[in-house]
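Let us walk through a model of two protein chains, A and B. Where do they meet, and where is empty space left between the atoms?

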Amino acid sequence: MTNKKEYSRLPGRGLKRGASSLVVKTRARLYAGSDHLLCVYNTGYAEDYKRFYYKDIQAIVTHKTTRGKVWNIVFAIFALGFALLSLTTKDVLTVLSLIVAGLFTLLFFINWLRGPTCKSYLYTAVSKEELPSLSRQKNALKAMNRLRLIIENIQGKLTSEELSESSAEISERDLTDTKPKLMSKVLQQAQNYNGWSHAILFYLLLVAGVHTFIEFFLNNMIVIILGVLAGSALAIIGIISVVKQHDSNMSGGLAGVTWATLGYIFLSFIVNYIIYMYIAIKNPGLSNNQWELLKMYSKISPFDNQFFLGFSICSTVYFFAGGAIGLALLRKFRVENSIYIQKEIEKREK
Amino acid sequence: MRADVFRARIIKQTIWQPGEDIVLDAESGCFFHPQKKAVVPCATCGRFLCSLCDVEFNSQHVCPMCLETGKKKRKIKNLETHRVLYDDIALALALIPMIFVWITVITAPMSLYIAIRHWKSPSAIIPRTKTRFIIAIFISGLQIAGWLFLFAKLIGEIL
């Protein structure tokens, strides 16, 4: 180990997003060296490094995202839901519900205190690299201020006259040689998917919300069968949406709502399955007759059981809120996407 | 949104020229391209290099072969793009299996072996202490001692 510190850590840490992050979380950090910027990606058992020499860095760009706000809404909904659930349950379940509500409240406050989220990119002559560690605006601005000093020290300061003189040259060069392949990949991603499966998912969520609301007042086989069909359709379309959004340029907020929805759907399946198994255990004579069991299940009203009541209220709230938020974010994504595609096509035609 | 733009954005990139041909017999030729004029010696092996073969790296002029060798033998730190973190692996093997208890009979010796075997192996590029290795050795040592005590007791009871 050398005595002189070779690298100094820049503020911020984040998770590298991508297919591999579904299995292993890759933590990203930035370090400033004497002549280069070091990006460290840690998977827990190994590290990967990317170096960007200061003399090669052309620009660092950061822009706000809605990911933080969306997660805040999701945490708030779950915290409120479990808090409401605790009011309808007794003893151990109340304590458990309060603990879970407390955990979600804590996550909400941590997310809120960390500040707004953003995405940061580093540009060189041949690449555009996302900097996952600069995912919070506070840290991104601090890091950019430090890097600006270092890079201007090495490259010299860029005056506004120089920038305006060469701005026409820069835009021409961007179109011809900068990254035509990269631009076409992003354009392809934008053109590939317009959010049709997400639209179906969020409309189905609203329908599921209506169905769950009806279950408070009407309990029969038809309602149960419709519920099973709606739940299955939601699960299938949820999986399709998650796969589709992976290859698209969908924003973090919309992707987060989709994942949260899929997670809640599977949680609902598990809860309903546990209730079904409870009925089967309580009525051993009927355990071989699935139709009779289903008939017994269909007669259960949310008001018969406090836990079921609480869960039904949570589900109704989440389905309506999730559907509405999802549709609003999807509309925003579609508008931005179409503007982007239009601009790219106009650029290419010129 | 904020965008910091730097001078590299407006500077035109240098177009690299192939090496100059030797005109006079007295001129030295490149080791890899004998017909090209040598412009600089390799800082590592001393071979003469033309402008095509010259690689400027870490403020030195090196040849492509030395660069490749430096990367393979890990002599040039700035070329390393991947390192295995044996200290993290040893610590994970010592700690995580404790949740499942019984599996520590296998993982504790593994953790101890990795910690001892890779004590001097290069760890992360950002220097770190041996704390993880020490904790892994301590915990896996305790686990092994616990298992030995248990086995000794079992054998004692059988006998």
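Helices and strands here are DSSP runs, numbered from the N terminus; a helix needs at least four residues and a strand at least two. The model is a predicted one. Keep both points in mind as we go.

Start with the second largest pocket. Two strands, β5 (46-53) of chain A and β4 (55-57) of chain B, each supply at least two residues of the lining of this pocket. The largest share comes from β5(A), with 4 residues. In total, 23 residues line the pocket. Nearest its centre lie Tyr53(A), Lys55(A), Glu56(B), Phe57(B) and Asn58(B). The space in this second largest pocket comes to about 750 Å³. What classes of residue does the lining of the second largest pocket have? It has 9 nonpolar, 6 polar and 8 charged residues.

Now turn to the contact between the chains. Chain A brings 42 residues to it, and chain B brings 31. Together the two chains bury about 3400 Å². Carbon and sulfur atoms give 53% of that area. Which residues of chain B lose the most area to chain A? They are Arg2(B), Phe6(B) and Arg9(B), and together they make up 25% of what the chain B side buries.

Look next at the polar side of this interface. There are 2 salt bridges between chain B and chain A. In a salt bridge between Asp4(B) and Arg148(A), the side chains meet at 2.8 Å, N to O. The interface also holds 16 residue pairs in polar contact, with both residues at pLDDT 80 or more. On the side of chain B that touches chain A, three elements give two or more residues: β1 (2-5), β6 (82-84) and α2 (86-95). Of the elements on that side, β1(B) gives the most, with 4 residues. The residues of that side of chain B divide into 16 nonpolar, 5 polar and 10 charged.

Next, the cavities. Why look for them with a probe? Rolling a probe the size of a water molecule over the atoms shows where empty space is left. A cavity is a place where the probe fits but cannot get out. How many cavities of 30 Å³ or more does a search of the whole structure find? The search finds 3.

Take the largest cavity. About 70 Å³ of space lies in it. Its lining includes Glu215(A), Leu218(A), Asn219(A), Val223(A) and Ile224(A). Tyr297(A), Ser298(A), Ile300(A), Pro302(A) and Phe308(A) also line the largest cavity. Two helices of chain A, α7 (221-246) and α9 (290-298), are the elements that give two or more residues to this lining. By class, the lining of the largest cavity splits into 7 nonpolar, 2 polar and 1 charged.

Move on to the second largest cavity. About 50 Å³ of space lies there. Val70(A), Ile73(A), Val74(A) and Ile77(A) are among the residues that line it. So are Val257(A), Tyr318(A), Gly322(A) and Ile325(A). Which element gives the most to the lining of the second largest cavity? The answer is α1(A), with 4 residues. Both α1 (67-88) and α10 (306-349) of chain A supply at least two residues each. The lining of the second largest cavity has 7 nonpolar residues, 1 polar residue and no charged residues. Gly322(A) is in this lining, and Gly counts as polar in this scheme.

How values were computed:
Residues are numbered from 1 along each chain as its sequence is written. Chains are lettered from A and ligands numbered from 1 in the order in which they are written. Side-chain values use heavy atoms; hydrogens and water are left out. On a 1 Å grid over the protein atoms alone, a cavity is a set of points where a 1.4 Å probe fits but cannot get out, and a pocket is an open set with protein on both sides within 12 Å along at least five of seven lines; lining residues have an atom within 4 Å of a point. Grid points are joined across faces, edges and corners, and a volume is the space filled by probe spheres set on the points. Contact means heavy atoms within 4.5 Å. Buried area is the accessible area (1.4 Å probe) that two parts lose on being put together, summed over both. A salt bridge is a side-chain nitrogen of Lys or Arg within 4 Å of a carboxyl oxygen of Asp or Glu. A polar contact is a pair of N or O atoms within 3.5 Å; within protein, one must be able to donate a hydrogen and the other to accept it, and residues adjacent in sequence count only if both atoms are side-chain atoms.
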